[in-house]
Structure formats: structure tokens, C-alpha cells
Amino acid sequence: MGKLSVNLCGIELSNPVIPASGTFGYGYEFAELYDINCLGTFSFKGTTRDPRFGNPTPRIAECTAGMINAVGLQNPGVDKVISEELPKLKACFHKPVMANISGFSVEDYAYTCARLDEQEQVGWLEVNVSCPNVHGGGMSFGTNPEAAAEVTRAVKAVTKKPVIVKLSPNVTDIVSIARACEDAGADGISLINTMLGMRINLRTRKPVIANKMGGFSGSAIFPVAVRMVYQVAGAVKIPVVGIGGVTTAEDVIEMMMAGATAVEVGAANLINPYACRDIIEELPAVMDKYRINALSEIIGGAR
């Protein structure tokens, strides 16, 4: 059997498959279905400094080969994540976990990252810069190289663990933003977050979700994600985590050949809760099919 392990920012993963933030809760819910220690790791639900109820309902809209969501970062806040969620996770997951952090100001990001950096279970900090900057007119931090770099520097100043900056695809030039984050000290880049989408109810003649627009994810965005991973991986020297429409073991291989060191699986978990386990189980056969001896050897192989 081929070797599945990869090294992500200095931490060894038994395999490159990582459930994406917002699709796997805090892990213990899925642990009731299967042993989640088969995962490389997982990125837990986006966490903010203060509790958030999220956006008004309805928040979800179905669409061809995907879905649109506008959940609005609903979470109990970092204090409760540390006091309640992580202890429950520790009972069922015995590997370092990826903490996904969101914020609405640079200070928010720094505070929440500093708190989670102290937690023994946390291996990486995945910093989502797709949030609106409340001090910058509501423009997402991730749409501007300077703003993304400012968040990266602030987080790196208060943390010791690897910082992976998660980028938005809703930009003209994602490469310049990735390079700005690398120059500011990021240890890795993850991409892509959801694309902006919308559905309209033909009977009511109104948007399906209350927020009007939301994040479009699912297999339909996979080619866009592969393209952006390829572009960014070719432009930076730090590891890239590929995300976007991954549903099969073949998709994982393709994303890695584009330049990803590890691969996150998102919407597929909401369709099939066993998706990540099934992909991991399928990987050895797919590796044999394409004569791959070690996954670490194919990273960026499409170049």
C-alpha cells in the first residue's frame, strides 16, 4: 500500500484528508458515527471572540451540484469553545486539531487566536480572512493584500503555533493576497473559501435565503478551486491546503497535483457524513491505479 502521510507546517498527518470548518462541528458529533481518528485532522467550526447567533433563517439554499449557505458564523464564542467544546472533543479525538478563527477587527483575530494558541489540543490556527472588516467599511479582510497582511502580522505576534490563512476566492487577484500573507509571516495558506452565490424563489419572486446572498460550495466549484490552488502554490513557498468541491479520492489526488499539501472536504460532509472516512479508505486503491507510491511525492506534480 502506498504511503498516505504528509507533513503540514511541521506536523505529521497520517493522511491529507481534513474535514473543512463549518461542516464537521466540533468533531464529537461525527464521532458517534465512526472513529474520527482515521482523519488527518479536522478544522473545527469557525470561532469568534464573542458568541454569535448567526444570520436570520432561512440560511440554506440548494442548487445544482452544490449549496448556498449564510449561517453567519453561529458559534458559542471562544471561552465556551475552550471550556465546553474542546473537553468533549478530547474524549474522542486524539490528534492535533485545526482551530478555525474568524473576526471583525484585527483585535478580534489576535485575541481569539492567542486564546486558542494556548490550548494543548490545537495544532494549527486557520485564520479565516473572509469576514467583513468593521473598521474598514465592511470590506472583507481577504479582498485586500494590506488588510490580510495586517491580520496575519497581528496573529503571528501573539501565537507560537502554525498560522494558516484561509483566503476568499471572491477577488480579482488571489495570488497577490497569498504573497502578502506569506510576507507577513503566514506558515501556510488554505483556499478556497466559498464563492458568492444567490437563488431566487420563482413563486415569491424573492431571494431564497434571508441574507439574499451566501457562500456557494459543492462539487460545482471544484475546477475553480483547483485553478486557484495551482496559481497560489506556484507563487508561494509555504504549504497550501486545497479546499473546494472535493468529493472523491480522485479529487484529493488532483488537488495535490495542483500543489496542495493537504485537502479539506466541505459540503460533501453535509450530504454524506461518512464522506471523509470513505475517501480515506479509497485512497490506497486510487494510488495503486495511478502508480503513486507516496502522496507526499505528488504535491505540485502538475507543474
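**Close-up 1. Helices α3 and α4 pass each other in a right-handed crossing.** Everything shown here and in the other views comes from a predicted model. The two axes, α3 and α4, come within 9 Å and cross at roughly 30°. On the α3 side, the residues at the meeting point are V106, Y109, A110 and C113, and they touch E150, V151, A154 and V155 of α4. Sort the residues of this contact by type and you get seven nonpolar, one charged and no polar.

**Close-up 2. Helix α4, from end to end, covers residues 145-156.** Its 12 residues reach 16 Å from the first C-alpha to the last, close to the 16 Å you'd expect at 1.5 Å a residue. Look at the N-terminal end for the cap: a side-chain oxygen of N144 sits 2.9 Å from the backbone nitrogen of E146. Further along, the buried residues of α4 are A147, A148, A149, V151, T152, A154 and V155. A handy thing to keep in mind while scanning that list is that an α-helix has 3.6 residues a turn, so residues three or four places apart point the same way. What lies over the buried residues of α4? The cover includes two helices, α3 (106-117) and α5 (174-183), along with strands β7 (122-128) and β8 (163-166).

**Close-up 3. N128 is a residue of strand β7.** Is N128 buried or exposed? N128 counts as buried because its relative accessibility is 9%, and the cut-off for buried is under 20%. Its side chain has a partner in N193: a polar contact of 3.2 Å joins the two side chains. Setting aside neighbours within four places in sequence, N128 is in contact with N100, I101, S102, Y109, K166 and N193. Y109 may ring a bell from the first view, where this α3 residue is listed among those meeting α4.

**Close-up 4. P273 sits in the loop between α8 (268-271) and α9 (275-289).** With 28% relative accessibility, P273 counts as partly exposed. Which residues does P273 touch, once those up to four places away in sequence are left out? They are F30, L33 and Y34. Another residue to pick out in this view is F24: its C-alpha is separated from that of P273 by 8.7 Å, although the two residues are 249 apart along the chain.

Terms used. Residues numbered from 1 in each chain as written. Predicted model: local features only at pLDDT ≥ 70, side-chain atom pairs only at ≥ 80, totals over all residues. Heavy atoms only, no water. Helix = DSSP H or I, 4+ residues; strand = E, 2+ residues; numbered from the N terminus. Expected span 1.5 Å × (residues − 1). Buried < 20%, exposed > 50% of the residue type's maximum accessible area, 1.4 Å probe, protein only. Contact = heavy atoms within 4.5 Å. Polar contact = N/O pair within 3.5 Å; in protein donor to acceptor, adjacent residues only side chain to side chain. Axes fitted to C-alpha atoms, helices over the stretch in contact; angles between N-to-C directions. Left-handed = near helix turned anticlockwise from the far one by under 90°. Nonpolar A, V, L, I, M, F, W, Y, C, P; charged D, E, K, R; others polar.
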